[in-house]
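Hi everyone, thanks for coming. Please open the structure on your screens, and let's walk through it together.

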Amino acid sequence: MRHIPVLLEEVMRWLAPHPGQVYADCTTGLGGHAARVRDAVSPGGTLVLNDVDPGNLAHAKASLGDRGDVRVVVIRSNFASLPREMARAGIKADMVLADLGFASSQMDDAARGLSFMREGPLDMRLDPSLPITAGDLIASASEAELERIIREFGEDPMARRIARKIVRERDAGPISTTARLAEVVRSACASPNRGAGSGGIHPATRTFQALRIAVNDELGCLDALLHAVTVDAKSIAAGQSGMWLAEGARVGFITFHSLEDRPVKRAFRGLVDAGAARDVTDGALVPTQAEIEANPRARSAKLRVIALGGRGG
Ligand SMILES: C[S@@+](CC[C@H](N)C(=O)[O-])C[C@H]1O[C@@H](n2cnc3c(N)ncnc32)[C@H](O)[C@@H]1O
């Protein structure tokens, strides 16, 4: 399994971990960021490793597990409920990172159905215990619902044509694999003017992103996490204690597209304007050209970090 952590040096610089501190990784993945933070919070620090994917979490736990110098707390939850889990465990984080989306290991696993480049079942669940797969959505959502998903979460101007084509094709036979769906989308978009797809990307790129976001309720979960950050930041600013964040906590989000970045930017700006946080990265940081060349997946990444408390932090 392999995943190159994105914006790693920037995360280390701006989360600024120190020995003895508590780090909460909302999206541990294979533990790339957590491994570096681990060394920086040693001795005496705590790592909270959270992920919805049991395979990734087991891998991270095995490589980062207790070595005595740092306490490791493993929580398998959706990050929407991580703040509650941490409050229950009585842990307050000095640093939080949410590196959104999926890991390369998940994308490369054909059985997850996340990539139209690999033939596999239309699953797309990052949390295998979720009840609805992408295949279920494709089989049962109305044409209007499919259009809404593809338009809202894929920002695809061809959403209506794609939804109509999916419904027509599924009436003729089930669309149950990534390759079949990619072919249906490609044929819906085929026109003398559209070529390979808008912006030169494969025409199925946006539909696959849209279905993944819908299946995993990615934007709803992000809103819940941002809400929990906001509540604690405001409590701390009002002189009370946070439920899961320590005074002066640094909170970072790495996003990969504008549907993710917009709510983070909005929530952070709200906290800065309210005097409850300081924007330590001064807007979004993006990868260097060298990082993008070494890891093309980093090309659309953005990192924003705030420190709770308006002045010091
Ligand atoms: C980009 S990867 C993280 C990579 C990690 N930072 C590293 O360096 O290895 C994103 C991870 O977030 C997890 N994930 C996505 N949405 C989640 C959610 N709502 N709650 C918890 N984990 C989530 C995925 O399962 C995946 O392992």
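I'll start with the sheet, move on to a pair of helices, then the ligand, and finish with two spots in the backbone. Keep in mind that this is a predicted model.

So, the sheet. In what order do the strands lie? Going across, you meet β3-β2-β1-β4-β5-β7-β6, seven strands in an open sheet with mixed pairing. Have a look at the edges: β3, residues 71-75, and β6, residues 277-279, each have a single partner strand, so one side of each has no neighbour in the sheet. On average, neighbouring strands here are turned by 15° against each other, if we ignore direction.

Let's zoom in on one edge. Strand β2, residues 46-50, runs parallel to β3, and five bridges join the two. One pairing to find on your screen is asparagine 50 with its bridge partner in β3, isoleucine 75. The sheet also has a helix packed on it: α12, residues 258-273, touches β5, β6 and β7. The direction of α12 makes about 25° with that of β7.

Now the helix pair. When two helices pack, we describe them by the angle between their axes and the distance between the axes. For α8, residues 159-172, and α9, residues 178-189, the axes come within 9 Å and cross at roughly 125°. Are they parallel or oblique to each other? With that angle, α8 and α9 are oblique, and the crossing is right-handed. Which residues of α8 make the contact? They are Arg161, Ile162, Lys165, Ile166 and Glu169, and on the α9 side we find Val184, Val185, Ser187, Ala188 and Cys189. Sorted by class, this contact has six nonpolar, one polar and three charged residues.

Next, the ligand. There are 21 residues around the ligand, and Pro5, Thr27, Gly29, Gly32 and Asp53 come nearest. What kinds of residues make up that shell? Eight are nonpolar, 10 are polar and three are charged.

Last, two backbone details for you to track down. In the loop between α2, residues 32-41, and β2 sits proline 43. The peptide bond leading into proline 43 from serine 42 is cis, with omega near 0°. The other one is alanine 16, in the loop between α1, residues 8-15, and β1, residues 22-25. Alanine 16 has a phi near 50°, which is a positive value in a residue other than glycine.

That's my tour, and I'm happy to take questions!

Technical notes
Residues numbered from 1 in each chain as written. Predicted model: local features only at pLDDT ≥ 70, side-chain atom pairs only at ≥ 80, totals over all residues. Near = placed C-beta within 6 Å. Nonpolar A, V, L, I, M, F, W, Y, C, P; charged D, E, K, R; others polar. Pairing = 2+ DSSP bridges. Helix = DSSP H or I, 4+ residues; strand = E, 2+ residues; numbered from the N terminus. Axes fitted to C-alpha atoms, helices over the stretch in contact; angles between N-to-C directions. Contact = placed C-beta atoms within 7 Å. Parallel < 35°, antiparallel > 145°, perpendicular 65-115°, else oblique. Left-handed = near helix turned anticlockwise from the far one by under 90°.
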